[in-house]
Amino acid sequence: MFNVLRAEPKSTFEYSPFKIRRMRPGKILPERHDDAFGPLSVIDHANLQMGTLVSMHQHVNDEILSYVWQGSMVHEDSNGNRTPLSSKKLMMMNAGESFWHEESTPLVATEMLQIFIRSRLANLEGRTQFMNRPEGIKTNQWTLLAGPEGEDAPLEIRQAVYVYDIRLEHNDKTEAPQREGFAQFLYVMDGEIEVERNMLYKGDAISGGNVNLSLIESTGNTTLVCLLVDVDAASVMDGLVSGQ
């Protein structure tokens, strides 16, 4: 059985320069009675106006992928990094025992995801990682962005989670990535697709739990993010966001 989690306007909260629609991915598998999809805790779909500043703030025990789809932003942190992010440069923050950072959009408006994952252990070292891809999002080809330690992924997650993306043009077809023992969580970053006889639009997600998705067809230009998650992986509940 495949379940669809729709983008809900009521889950959006706004501060004057930006708005965030928060998705609780575990709601896609109601039989588990958990708002988290295993260690995948929160997906924030954010729109930031040009000139937005989210001032220095702390994260603890959150594994956070900053996935900029459109526009650009500047990341600054307590380790001395000052780095522009875009669809050509992604970032993983492994917050660990403590990590401080701020975000700003001095040049253009920005649309992005922040994906919060529960770490496998509490109070690990806080750090950041960056992934350069000058070509941006590949068309009709899945790209591995992040994965567990030791898996040779561009960005390392201290948890049993993989993250991929792809861009599809009108009428392109593909199959979602899969790995044995991992459940798929497919998120529509933009555009629309048809999968398992369901139409999905911007901000929607689909999962079959332990049943893999089959053919995906784009009905317009679209960008997809697919997370593979070991929903039974051990994780901590100490994250400031992911532990909620």
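**View A. N123 sits in the loop between β11 and β12 of this predicted model.** Strand β11 covers residues 110–118, and β12 covers 127–132. Have a look at the backbone of N123: its phi is positive, about 60 degrees, although the residue is not a glycine. Is the residue buried or exposed, or something in between? N123 is partly exposed, because its relative accessible area is 48%, and partly exposed residues fall between the 20% and 50% cut-offs.

**View B. N61 is another loop residue, found between β5 and β6.** Here the loop joins the stretch 53–59 to the stretch 62–70. N61 has a phi near 55 degrees, a positive value in a residue other than glycine. With a relative accessibility of 2%, N61 counts as buried.

**View C. Four residues carry a "binding site" feature in an unreviewed UniProt entry.** Which residues does the record name? They are H57, H59, H101 and E103. Although they spread over 47 residues of sequence, they cluster in space, with a largest C-alpha distance of 13.2 Å. The lining of the largest pocket includes H57, H59 and E103 from this group.

**View D. H59 belongs to strand β5.** This histidine is buried, since its relative accessible area is 7% and buried means under 20%. Which side chain does the side chain of H59 meet in a polar contact? The partner is the side chain of D62, at 3.1 Å. Leaving aside neighbours within four places in sequence, H59 is also in contact with a set of residues including I64, A95, F116 and L240. H101, another residue named in the record, is among the contacts of H59 too.

**View E. E103 lies in strand β10, which runs over residues 99–104.** E103 is buried, with a relative accessible area of 7%. Not counting residues up to four places away in sequence, E103 touches T52, L53, V54, H57, M73, V74 and Q114. You may recognise H57 from the UniProt feature in View C.

**View F. Seven strands form an open sheet with mixed pairing.** Follow the strands in the order β1-β20-β17-β22-β15-β13-β14. Why do β1 (3–5) and β14 (155–157) each have one side without a neighbour in the sheet? They stand at the edges, each with a single partner strand, so one side is left without a neighbour. From one strand to the next, the twist averages 20 degrees. Within the sheet, β17 (residues 183–190) and β22 (residues 222–229) pair in the antiparallel sense over seven bridges. To find this pairing yourself, look for Q184, which stands opposite L228 in β22.

Notes: Residues numbered from 1 in each chain as written. Predicted model: local features only at pLDDT ≥ 70, side-chain atom pairs only at ≥ 80, totals over all residues. Heavy atoms only, no water. Pairing = 2+ DSSP bridges. Helix = DSSP H or I, 4+ residues; strand = E, 2+ residues; numbered from the N terminus. Axes fitted to C-alpha atoms, helices over the stretch in contact; angles between N-to-C directions. Buried < 20%, exposed > 50% of the residue type's maximum accessible area, 1.4 Å probe, protein only. UniProt positions renumbered as here; feature names shortened; annotations may be inferred. 1 Å grid on protein atoms, 1.4 Å probe; cavity = no way out; pocket = protein on both sides within 12 Å on 5 of 7 lines; lining within 4 Å. Contact = heavy atoms within 4.5 Å. Polar contact = N/O pair within 3.5 Å; in protein donor to acceptor, adjacent residues only side chain to side chain.
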